[in-house]
Amino acid sequence: MNRSPLALAALATVAVPGLDAYDVRRPVHPGSDFDVAVVVDSVRQRWVVRAPQHPAAGAVLEAEVALLEALGPFVDDGRLPFSIPRPAGFAHLPEGGRASVHREVPGRPLQLETLRPGPGLAAAVGRAVAAIHELPTSVVENAGLPAYDAAGYRERRQAEVDEAARTGLVPPSLLRRWEELLEDVAMWRFRPTVVHGDLSSNHVLVADGAVGGVLEWGSTMVADPADDLSWLLVAAPQDAVDAILEAYLLRRTELTDPHLADRALLAGELALARWLLHGVRAQRQDVVDDAVQMLRDLEEHTLVDEAAGQYS
């Protein structure tokens with residue numbers, strides 16, 4: 001079901017008694033699976049209302065709400081050094097399930113290209129990711145979200161590569177590279193942590209030169225901490241990556257993971273395989289074509305690096 005902004009504003013007024021909606025608008029990055037609107041009330045406070053479009057999204061929302069409620073004390077006492085959405089009310093939907101409303105988390109999306117080396121924003125990003133990974137795994141498990149051990153998560157990655165291979169659209173050199181890395185047992189000896197699972201520039205907000213908020217916790221799980229670092233290692237300026245990792249490692253406790261960066265880079269490559277699989281499953285030829293082109297570009301890049309001796 002696709003709801004109009006006005007319908008979402010009406011849900012917000014039901015969910016939060018006393019909320020006097022003055023204006024409503026679509027967010028810049030609405031995402032998928034949810035109808036989302038930003039409601040401005042009569043005193044100019046901004047609220048976000050999210051309504052699931054189908055039952056599976058409703059189940060994700062319920063698990064995310066349980067997780068966010070458990071994370072609240074970690075924000076309050078500073079163990080999470082940023083804001084998160086804090087559910088303020090709910091409205092039941094005619095078809096079942098419910099919509100959630102929370103105050104808008106202030107800040108602007110992180111622009112990776114602006115990161116610089118040193119103790120500034122890049123280091124703050126590293127500390128923010130580390131703080132997530134330092135959370136007790138029980139907060140995820142108690143919310144009913146997935147939890148993997150290292151061996152199980154490696155098998156999950158292998159299954160993704162096998163499924164991508166069956167499409168016949170992944171360059172053979174990439175498949176060989178991925179299979180070799182997945183067969184390296186030593187590389188996959190890591191301590192599973194709480195992982196956000198969907199970190200991106202749109203989900204990490206910057207305020208006053210620091211990480212002010214982190215959004216979209218529905219993909220959180222206990223898994224490989226390398227996954228949350230992947231987007232940074234792949235897309236941030238290289239000189240800023242060193243600052244991110246240094247701050248991250250300083251914030252972590254009991255961290256002995258010599259292959260963390262290697263798995264993070266591999267996760268970035270496997271994200272293209274998952275994009276391809278999404279296109280195939282959804283029968284979206286535009287997505288398939290986009291994924292195939294990116295895989296070809298990756299193949300060319302890795303072949304150049306291997307020729308230069310950058311890969312063992």
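## A walk from helix 6 to the sheet

Helix 6, covering residues 172-183, is the top contributor to the negative patch, giving 3 residues. Keep in mind as you look around that this is a predicted model. The surface patch itself is made up of D162, E179, E180 and E183. If you want a place to start, pick E179, which sits in helix 6. Patch members are required to have no salt bridge, so don't look for one at E179, a member of the negative patch.

Now over to the sheet. Five strands make it up, and it is an open one, running in the order 1-2-3-5-4 with antiparallel pairing. At its edges you'll find strand 1 (21-25) and strand 4 (87-92), each of which pairs on one side only. Going from one strand to the next, the twist averages 25°. As a general reminder, the strands of a sheet pair through backbone hydrogen bonds, in either a parallel or an antiparallel way.

Let's zoom in on the strand 1 edge. Its partner there is strand 2 (residues 34-41), and the two run antiparallel over 4 bridges. One pairing to click on is R25, whose bridge partner in strand 2 is V38.

Strand 2 also takes part in a side-chain contact. Of salt bridges, the structure holds 18, and one of them joins R3 and D35, with 3.4 Å from N to O. What does this pair tie together? R3 belongs to the segment before helix 1 (5-15) while D35 belongs to strand 2, so the salt bridge links parts that lie 32 residues apart in sequence.

Definitions and conventions: Residues numbered from 1 in each chain as written. Predicted model: local features only at pLDDT ≥ 70, side-chain atom pairs only at ≥ 80, totals over all residues. Heavy atoms only, no water. Pairing = 2+ DSSP bridges. Axes fitted to C-alpha atoms, helices over the stretch in contact; angles between N-to-C directions. Patch = residues over 30% accessible without salt bridge, like charges linked within 9 Å, V, L, I, M, F, W, Y side chains within 5 Å. Areas by Shrake-Rupley, 256 points an atom, 1.4 Å probe, with all protein chains shown as cover. Salt bridge = Lys/Arg side-chain N within 4 Å of Asp/Glu carboxyl O. Lys, Arg positive; Asp, Glu negative; His and termini not counted. Charge placed at Lys NZ, Arg CZ, Asp CG, Glu CD.
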